[in-house]
Amino acid sequence: MRSQQAFFYPGNDFKAKVQMKLTNKSGKERIRELTMLRLNIGEQEDQKYYMYFHQPADVREMTFMVWKYTNKDDDRWLYIPAIKLVKRIAADDENSSFVGSDFSYEDVSGRNLSDDSHTLKAEETMNGRDVYVVESVPKEESSAFFSRKVSWIDKETFLPLKEEYYDKRGELYKTFTADKIEDIQNIPTIMKRTMSNTQNGHRTEVSYSEVKYNVGLKDNIFSERYLRSAPREWIK
């Protein structure tokens, strides 16, 4: 629980510029640039996310929105400007690739803790940091692309320093690493993270800049109106 809070919930709200670098097995790179907004809702740990894509041209002005709930499936929408279509992302698509990256839609906003059974497997040291090693197994096999996940969680910040995802055959599938952590407004924040697909050699590096917490986001930003017409004062 504390790890989930530290990773996905710090501050009342959050704003950042994000660069995604997608690299295939042969080393060819693609860059995506976007603005990310996140708002915590009430005391039920519900959240809303909004992402606006600036670059490259094939995704420019595309928007993605999540209404995250603790007691039911999340609502997710993707606006595709080329065809002026708002696409609802079904619950069974949550494990699909997020705009061609190695992160899934679920990775972006987090997975409900209650969907998995968690076991403390060990306490170790990683890169000079004391960590908890936690194994998470989906309660329903069909609810996740992985059969189990192993997380190395920093004992001080409770941020995940590394995560390994194993497929249905029990083989390592994806590896997440927190590559750079900084204190932003006294909040430990992962400023660079990587998700690597160990089976096909593809990886996605995500770097954050202009990170700010508690900027005063309003709930009405997270609506279909702004999926189609971005709130310029927040995404510029």
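Which residue is the bridge partner of Tyr 50 in S4? Met 65 is the partner that Tyr 50 meets there. With that pair found, let us walk through the rest of this structure, which is a predicted model.

Tyr 50 belongs to the stretch of strand S3, which covers residues 46–55. S3 and strand S4, residues 63–68, pair in the antiparallel sense, and 6 bridges join them. S3 also has another partner: strand S2, residues 29–41, runs antiparallel to S3 and is joined to it by 9 bridges. If you would like a place to start tracing that pairing, look for Ile 41, whose bridge partner in S3 is Asp 46. S3 itself is mostly covered, with 9 of its 10 residues buried. As a rule, side chains in a regular strand alternate between the two faces of the sheet.

Now follow the chain out of S3 and into the loop that leads to S4. Pro 56 is found in this loop, and the peptide bond from Gln 55 to Pro 56 is cis, with omega near -5°. A little further along, the loop between S3 and S4 also holds Arg 60. Is Arg 60 buried or exposed? The answer falls between the two: Arg 60 counts as partly exposed because its relative accessibility is 43%, and partly exposed is the class between under 20% and over 50%. Leaving aside neighbours within four places in sequence, Arg 60 is in contact with Phe 53, His 54, Gln 55 and Pro 81. To get a feel for distances, compare Arg 60 with Thr 194, 134 residues apart from it along the chain: their C-alpha atoms are separated by 23 Å.

Next, turn to the strands at the two ends of another pairing. Strand S1, residues 13–23, and strand S13, residues 203–213, pair in the antiparallel sense over 9 bridges. Here Thr 23 has Arg 203 as its bridge partner in S13. S13 pairs with strand S12 as well; S12 spans residues 187–197, and the two are antiparallel over 5 bridges. Within this pairing, Lys 192 stands opposite Ser 207. S12 and S13 form a hairpin with 5 residues between them, and Gly 201 in the turn has a positive phi of about 80°. Back in S13 you will find Glu 210, which has a positive phi of about 50° although it is not a glycine.

Another residue with this kind of backbone angle is Asn 127, also not a glycine, with a positive phi of about 50°. Asn 127 is found in the loop between strand S7, residues 116–126, and strand S8, residues 129–138. Asn 127 counts as exposed because its relative accessible area is 75%, and the cut-off for exposed is over 50%.

What lies inside? The largest nonpolar core has 44 residues, of which Met 20, Met 51, Phe 64, Phe 98, Phe 176, Tyr 208 and Val 211 touch the most other members. S1 gives the largest share of this core, with 5 residues. A second, separate core of 16 residues includes Tyr 50, from our opening pair, along with Tyr 52, Ile 221 and Ala 230. Tyr 208, a member of the largest core, has contacts beyond its sequence neighbours that include Phe 14, Ala 16, Val 18, Met 36 and Ile 190, as well as Lys 17 and Arg 193. Ser 101 is also buried, because its relative accessible area is 6%, and the cut-off for buried is under 20%. Ser 101 lies in the loop between strand S6 and helix H2 and, apart from residues up to four places away in sequence, touches Met 20, Leu 22 and Thr 204.

Finally, explore the open spaces. About 920 Å³ lies in the largest pocket, which is lined by 49 residues; Gln 4, Phe 7, Phe 8, Pro 160 and Glu 163 lie nearest its centre. Helix H1, residues 2–8, gives the most to this lining, with 6 residues. The lining has 31 nonpolar, 9 polar and 9 charged residues. The second largest pocket has a volume of about 400 Å³. Its lining of 20 residues has Asp 73, Glu 94, Arg 111, Asp 115 and Ser 143 closest to the centre. By class, the lining of the second largest pocket has 1 nonpolar, 8 polar and 11 charged residues.

Terms used:
Residues numbered from 1 in each chain as written. Predicted model: local features only at pLDDT ≥ 70, side-chain atom pairs only at ≥ 80, totals over all residues. Heavy atoms only, no water. 1 Å grid on protein atoms, 1.4 Å probe; cavity = no way out; pocket = protein on both sides within 12 Å on 5 of 7 lines; lining within 4 Å. Points joined across faces, edges and corners; volume = space filled by probe spheres on them. Helix = DSSP H or I, 4+ residues; strand = E, 2+ residues; numbered from the N terminus. Nonpolar A, V, L, I, M, F, W, Y, C, P; charged D, E, K, R; others polar. Pairing = 2+ DSSP bridges. Core = buried A, V, L, I, M, F, W, Y, C linked by side-chain atoms within 4.5 Å. Buried < 20%, exposed > 50% of the residue type's maximum accessible area, 1.4 Å probe, protein only. Contact = heavy atoms within 4.5 Å.
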